[in-house]
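Here are a few exercises to work through with the structure open beside you. Try each task before reading its solution.

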Amino acid sequence: MKTATARRHLRLATTEQRFSFQKKLDEFGLDLSPQTLDTLQVNITKLCNQACHHCHVDASPKRTEQMSLETIEQILVLLASHAEIRAIDITGGAPELNPHFEHLVRRAIVLGKHVIVRHNLTVTFDGCPVTGRNMEHLPRFFADNGVELISSLPYYQAFFTDRQRGRGVFEKSIASLRRLNEVGYAAPTSDLVLNLIYNPVGAFLPAPQKSLEADYKRELDAKFAIRFNKLYTITNMPIHRFAEQLKRNDTYDEYMDKLIGAFNPIAAMGVMCRNLLSVSWDGRLFDCDFNQMLEMELNDGEPLTVFNFDLERLKARQILFADHCYGCTAGAGSSCGGA
């Protein structure tokens, strides 16, 4: 008689065999080849002042990975030499904790690139967990450089936010949002863009983005007088911490079935890997941030990095897909830019 663990492994193997992402693409006759390369998403550190339950990066105050100045300078060379790359999307960990973060932002702005920072809000108050470096200057730094901010706020109530990101995170996030508003972010007459991210607390698909955005704007304005530009809904990816949580609760297969059942071919056509490349802290190239965390690196007879970067070669590559890609194609779709 099979044990519960053996039965679970058998179900997982059957699911992977029956519902491979490539088979689903073939079923709909979809060819998801690269279209262009307008964004470099650069992960410059895995160090973070938080250790959120849903974090697919496994970032935490204990991580030590940091992008070197040499690699950052090479990224700046690529930005300067490729006009097609219009934006740099800087992420982590908490990217502000890389000692070369502000240099990268300033130089990218000088090169005329649109700079996006994935800012977790609380780092402004917590500072660096390793050096104790103060970060309270960040709102003014962002505003002075015209940086677009994308910040996670799992919900507009403290209970759900703190449940996912840690006790006290909601209160700090609200205080940080107020400071960003004070320097002009999301003001009616300002060009400073502040977007928020919602992702479900648990094994659920996000609610429709438009209606949830309306709820956020109403509640945050009424309770805290906070404003923002857009809300992005992002599906929790079944990798790393979230995948481990699902497996502990014996709900991994159920969640995968939910993603697969919600597959949307229209959303699939707009997946971010068709227009974006992800760069890891050590300079390696990936189709997206999620592939990066699964070590699905690009290789064309040699590992592809920022140091052997060939734009035409990369645009002709075959994108690497796996089962987690269902997270980007469920319902209205999901990516780093929301639904």
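Keep in mind throughout that this is a predicted model.

**Exercise 1. A buried leucine in a helix**

Find where Leu76 sits, decide whether it is buried or exposed, and list what it touches.

Solution. Start with the location: Leu76 belongs to helix H3. Next, take its relative accessibility, which is 4%. Buried means under 20%, so Leu76 counts as buried. Now look for contacts, leaving out residues up to four places away in sequence: Leu76 touches His103, Leu104, Arg107, Ala108 and Leu111. As a last step, follow the chain from Leu76 to Phe125, 49 residues apart, and you will find their C-alpha atoms separated by 29 Å.

**Exercise 2. The helix around it**

Check whether the length of H3 agrees or disagrees with the expected span, then work out which of its residues are buried and what covers them.

Solution. Helix H3 covers residues 69–81, which makes 13 residues. The expected span is 1.5 Å times one less than the number of residues, so H3 should span 18 Å. The end C-alpha atoms are 18 Å apart, which agrees. For burial, pick out Thr71, Ile72, Gln74, Ile75, Leu76, Leu78 and Leu79. The cover over these buried residues includes strands S1 (39–43), S2 (87–91) and S7 (276–279), together with helix H4 (101–110).

**Exercise 3. A strand with covered faces**

Determine how many residues of strand S5 are buried, and sort them by face. Then identify the strands that pair with S5.

Solution. Begin by counting: five of the five residues in S5 (residues 194–198) are buried, so the strand is largely enclosed by the rest of the structure. To sort them, recall that side chains in a regular strand alternate between the two faces of the sheet. In S5, one side holds Leu194, Leu196 and Tyr198, the other Asn195 and Ile197, and all are buried.

Turn to the pairing. Strand S4 (residues 148–152) runs parallel to S5, with four bridges between them. Strand S6 (residues 231–233) also pairs with S5 in the parallel sense, over three bridges. Leu196 is a handy marker: its bridge partner is Ser151, and it stands opposite Leu231 in S6. Finally, trace the path from S5 through helix H9 (residues 209–224) to S6, and you have a right-handed β-α-β unit.

**Exercise 4. Salt bridges, local and distant**

The structure holds 20 salt bridges. For the pairs Glu102–Arg106, Arg179–Glu136 and Arg313–Asp300, give the N to O distance and say where the partners lie.

Solution. Take Glu102 and Arg106 to begin with: their side chains meet at 3.5 Å, N to O. Both lie in helix H4, four residues apart, about one turn of the helix. Residues three or four places apart in an α-helix point the same way, because there are 3.6 residues a turn.

Move on to Arg179 and Glu136, whose closest N and O atoms are 3.2 Å apart. Arg179 lies in helix H8 (residues 169–182) and Glu136 in the loop between helices H5 (123–126) and H6 (138–144), so this pair ties together parts 43 residues apart in sequence. Arg179 is partly exposed at 27%, and Glu136 is partly exposed at 39%.

End with Arg313 and Asp300, with closest N and O atoms 2.9 Å apart. Arg313 is in helix H14 (residues 311–315), while Asp300 is in the loop between helix H13 (289–293) and H14, 13 residues away.

Conventions. Residues are numbered from 1 along each chain as its sequence is written. This is a predicted model: local features need pLDDT of at least 70, side-chain atom pairs count only at pLDDT 80 or more; totals for chains, interfaces and linings use all residues. Side-chain values use heavy atoms; hydrogens and water are left out. Helices (H or I, at least four residues) and strands (E, at least two) are DSSP runs, numbered from the N terminus. Buried means under 20% relative accessible area, exposed over 50%, partly exposed in between (1.4 Å probe, protein chains only). Contact means heavy atoms within 4.5 Å. Two strands pair if DSSP finds at least two bridges between them. A crossover is right-handed if, with the strands pointing away from the viewer, the path from the first strand over the helix to the second runs clockwise. A salt bridge is a side-chain nitrogen of Lys or Arg within 4 Å of a carboxyl oxygen of Asp or Glu.
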